[in-house]
Amino acid sequence: MGVIKSAIGDAILTSIFVFFISTLRILSTKTSLFLNLQPLSLPGLFITTILNTIIILTISLIGRILGGASFNPSSTISFYTLGLRPDSSLLSFAIRFPAQAIGGAIGIKSILQVIPTEYKDMVKGPSLKVDLHTGAIAEGVLTFTHNFVILLVMLKGPKNPWLKVYLLSVATLVLVIIGSGYTGPSMNPANAFGWAYMNNKHNTWEQFYVFWICPLIGASSAAMVYRFLFMSPVKEKKA
């Protein structure tokens, strides 16, 4: 029953996350133009990181209210691999990850229904823009980097939660810019599934290989590298 409750919380939180993160480009563009700034200028990108930080902090608060719900399978896997989710298991992920994917689909369907027509070209999800294997490698490497930075900032970074999330927002923005010509990128299988579902590509090999298998491998690898670099065997034994 506890796993089912967690899965429901995950589905709710993922749908909320996907809904609001899909508006980030619109919000940042409109805010930048209102301040007479170019959206892709450094001040414009700074606004994007601030807005992203607000969204993530809000989502994190909702996640705590929902009992520790998660909205990203890749980060869930990296924390589990590092031993920071002792209450989780691979069996629980078999239930929670599909719930997150369903939440992603609900979030995307909802935002596409309520967004004004003139803004729909600004609401786009991840998609493969190169050949299959190049995209898979890119998504895996980007997700590896993203999760390694998450672990580094959350476990070794500043104590201030706002500063932690802001640093992660900056890192995420850099990775999005780098990966924009490859896969979008996603770095979140549940978000990618939501967009794939709306485009009727959710049951393709491309979706699972590029946006699920490689990112999850990248996320677990990030945890293993972090463990090798920062967690000595003595510390692990004491823990």
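Helices (H or I, at least four residues) and strands (E, at least two) are DSSP runs, numbered from the N terminus. This is a predicted model, in which residues are numbered from 1 along each chain as its sequence is written. Local features need pLDDT of at least 70, side-chain atom pairs count only at pLDDT 80 or more, totals for chains, interfaces and linings use all residues, and side-chain values use heavy atoms, with hydrogens and water left out.

**Exercise 1. A residue in H7**

Task: Find the helix that holds Ser169, decide whether Ser169 is buried or exposed, and list what Ser169 touches.

Solution:
- Step 1. Ser169 sits in helix H7, residues 161-179.
- Step 2. Buried means under 20% relative accessible area, exposed over 50%, and partly exposed in between (1.4 Å probe, protein chains only). Ser169 has a relative accessible area of 4%, so Ser169 is buried.
- Step 3. Contact means heavy atoms within 4.5 Å. Not counting residues up to four places away in sequence, Ser169 touches Thr49, Asn52 and Thr53.

**Exercise 2. The nonpolar cores**

Task: Work out which elements build the largest nonpolar core, and which residues have the most contacts inside it.

Solution:
- Step 1. A nonpolar core is a set of buried Ala, Val, Leu, Ile, Met, Phe, Trp, Tyr and Cys residues joined through side-chain atoms within 4.5 Å.
- Step 2. The largest such core has 20 residues, and Phe17, Ile59 and Phe71 have the most contacts inside it.
- Step 3. Two or more residues come from each of helix H1 (2-21), helix H2 (24-34), helix H3 (42-65) and helix H5 (90-114). H3 gives the most, with 5 residues.
- Step 4. Take Ile59 as a sample: leaving aside its neighbours within four places in sequence, Ile59 is in contact with Leu13, Ile16, Phe17 and Phe71.
- Step 5. Another core, of 10 residues, lies apart from this one and includes Phe79, Leu82, Ile150 and Val153.

**Exercise 3. Charged side chains**

Task: Find how many salt bridges the structure holds, and then look at how Glu139 is placed.

Solution:
- Step 1. A salt bridge is a side-chain nitrogen of Lys or Arg within 4 Å of a carboxyl oxygen of Asp or Glu. The structure holds 1 salt bridge.
- Step 2. The partners are Arg96 and Asp10, at 2.6 Å, N to O. Arg96 belongs to helix H5 and Asp10 to helix H1, so the pair ties together parts that are 86 residues apart in sequence. Both Arg96 and Asp10 are buried.
- Step 3. Now turn to Glu139, in helix H6 (residues 132-156). Glu139 is buried yet has no salt bridge, and the nearest side chain of opposite charge, Lys129, is 10 Å away. For charge, Lys and Arg count as positive and Asp and Glu as negative, while His and the chain ends are not counted.
- Step 4. A polar atom of the Glu139 side chain lies 2.6 Å from the backbone nitrogen of Met187. Beyond four places in sequence, Glu139 touches several residues, among them Thr183, Pro185, Ser186 and Met187.

**Exercise 4. The loop between H7 and H8**

Task: Pick out the backbone features at Pro185 and Met187.

Solution:
- Step 1. Here is the background: most residues other than glycine have a negative phi, and most peptide bonds are trans.
- Step 2. Gly184 and Pro185 are joined by a cis peptide bond, with omega about -10°. Pro185 is in the loop between H7 and H8.
- Step 3. Met187 lies in the loop between H7 and H8, and its phi is positive, near 60°. With a relative accessible area of 2%, Met187 is buried.

**Exercise 5. Helix H8 and what follows**

Task: Explain why H8 can be called largely enclosed, and say where Asn200 is found.

Solution:
- Step 1. In helix H8 (residues 189-198), 8 of the 10 residues are buried, so H8 is largely enclosed by the rest of the structure. Phe193 and Trp195 are among the buried ones.
- Step 2. The cover over these residues includes H1, helix H4 (73-81), H5 and helix H9 (205-230).
- Step 3. At the start of H8, a side-chain oxygen of Asn188 comes within 3.0 Å of the backbone nitrogen of Ala190.
- Step 4. Asn200 follows H8 and has a positive phi, near 60°. Asn200 is in the loop between H8 and H9, and is exposed, with a relative accessible area of 57%.

Note on methods. A polar contact is a pair of N or O atoms within 3.5 Å; within protein, one must be able to donate a hydrogen and the other to accept it, and residues adjacent in sequence count only if both atoms are side-chain atoms.
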